[in-house]
Amino acid sequence: MYIDGDVSDTAETKEWIDFAGTLQVTLTDPAGGNEIKTISAKFRDSAGNEVDAQPVSVIYDNAAPSGVAISLEGELAGKEGQRPKSSSITAYPIVTATLTATDPLDIQVALSESSLTCASANYEPMAPSMPIVLSATDGTKTVYACFKDKAGNYTSSPVGDTITLDMTVPSSATITVGDLSDTGWTKQYQALQVTLSATDATEMRLGFWLDGSQTVKREFPFKTYSTSDTIPLTVTDGAPPVDGRYHVWTEFKDTANNVSPRIETFVMLDTTPPASTTIQLGDGSPYTNDQVLTVGVFPGSETGFHSSIVSMRV
């Protein structure tokens, strides 16, 4: 028999040799690491009659996928369909791995949060984007990827990307209000002082609502976290105040957009002076011969929401 085609010259190719059921041949080096190789054969009998066998071809690829990369992307907390994307932090354990690899043949990929050995990894068909579920504990996560082509060539080592999983809302939240009397009353409505604290907070927002009212309420947008702020107790800036019992609340948000449960405190707002009060000297006579007089105090009739008179100056 006679073996020819894209094979290296050896003692068993490109010359007549004894017939054998199997024969090893060495393919010529592929151009660019990938090439179709064709092998032909002739057979001759003892009388010298020859016959050509149908040529056979094989794709010879001796190069692993190149240009390999993995990029992780998660979502910040929010309503489904409206969640901002992030490549550095995620509020949910399911993230998207964007994969890049170049090879003339179909590519397979192995993904794992644990370190991979590319030679023995479990591979599946690669898609440009693939979901992966992270271990469900907060912290820094690294996902590794190995790539292999249809010919069995695999990358020598895995590539990886890192993302932080944060599923926990800010904690230890507190809110206290300044400018209050010992009994919780205030006349300050334009810029009520508020003291705040929370663990892992990067943003905060304030709001209020008035007991018994559907309209006297306000919610301010998130702003950079601070331990102190002021809040006006009016439905719009410059609007007149409405006396009453107010619920002043706050929420905190972290880098992953996790929002803490709302907490609140109470404030009694009284911007109305006491009702007209009269005083009387002694028995009310316009004349006296006593140096020490009794002063009678007669408070006016109060209406609406108001605090009690607690001090006076004569």
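Is S213 buried or exposed? I will start there, and then go through the aromatic pairs, the charges over rings, one pocket and some of the strands. Keep in mind that this is a predicted model.

S213 is found in the loop between strand 17 and strand 18, the latter being residues 217–219. Its relative accessible area is 19%, and buried means under 20%, so S213 counts as buried. S213 also has a contact in space to mention: its C-alpha is 9.8 Å from that of G244, with the two positions 31 residues apart in sequence.

Now the aromatic rings. The structure holds 4 aromatic pairs, and I will describe two of them, Y2 with W16 and F208 with Y246. A pair of aromatic rings is described by two things, the distance of the centres and the angle of the planes.

For Y2 and W16, the ring centres are 5.6 Å apart and the planes stand at 55°, so this pair is tilted. Where do Y2 and W16 lie? Y2 is in strand 1, residues 2–5, while W16 is in the loop between strand 1 and strand 2, and strand 2 covers 34–44. The two are 14 residues apart in sequence, so the pair ties together those parts. On exposure, Y2 is partly exposed at a relative accessible area of 21%. W16 is also partly exposed, with 30%.

The other pair is F208 with Y246. The centres are 5.6 Å apart and the planes are at 65°, so this pair is edge-to-face. It links distant parts of the chain: F208 belongs to strand 17, residues 203–210, and Y246 to strand 21, residues 244–253, with the two 38 residues apart. Both F208 and Y246 are buried, and for Y246 the relative accessible area is 0%. One more distance for Y246: its C-alpha and that of N258 are separated by 26 Å, and these residues are 12 apart along the chain.

Next, charges over rings. R245 has its charged end over the ring of F266, 4.0 Å from the centre of that ring. K253 lies over the face of F222, and here the distance to the ring centre is 4.2 Å.

Moving on to empty space. Rolling a probe the size of a water molecule over the atoms shows where such space is left. The second largest pocket has a volume of about 200 Å³. It is lined by 14 residues, and the closest to its centre are I3, L23, I39, A41 and F43. Which strand gives the most to this lining? That is strand 2, with 4 residues. By class, the lining of the second largest pocket has 10 nonpolar and 4 polar residues, and no charged ones.

Finally, the strands. There is an open sheet of 5 strands in the order 7-13-12-9-10, and the pairing is mixed. The edges are strand 7, at 89–90, and strand 10, at 124–125, each of which pairs on one side only.

Within this sheet, take strand 9, residues 107–112. Strand 9 is joined to strand 10 by 2 bridges, and the two run antiparallel. V109 has E124 as its bridge partner in strand 10. How many bridges join strand 9 to strand 12? There are 6, again with an antiparallel run, and strand 12 covers residues 139–149. In that pairing, L111 stands opposite A145. Strand 9 is mostly covered, with 5 of its 6 residues buried.

The last item is strand 11, residues 129–133. In a regular strand the side chains alternate between the two faces of the sheet. Strand 11 has a covered face, made of M130 and I132, and an uncovered one with S129, P131 and V133. Strand 11 is joined to strand 8, residues 94–102, by 5 bridges, and the two run antiparallel. M130, on the covered face, is the bridge partner of A97.

That is the end of my list.

Technical notes:
Residues numbered from 1 in each chain as written. Predicted model: local features only at pLDDT ≥ 70, side-chain atom pairs only at ≥ 80, totals over all residues. Heavy atoms only, no water. Phe/Tyr/Trp six-rings, centres within 6.5 Å; stacked < 30°, edge-to-face > 60°. Buried < 20%, exposed > 50% of the residue type's maximum accessible area, 1.4 Å probe, protein only. Lys NZ or Arg CZ within 6 Å of the ring centre and 35° of its normal. 1 Å grid on protein atoms, 1.4 Å probe; cavity = no way out; pocket = protein on both sides within 12 Å on 5 of 7 lines; lining within 4 Å. Points joined across faces, edges and corners; volume = space filled by probe spheres on them. Nonpolar A, V, L, I, M, F, W, Y, C, P; charged D, E, K, R; others polar. Pairing = 2+ DSSP bridges.
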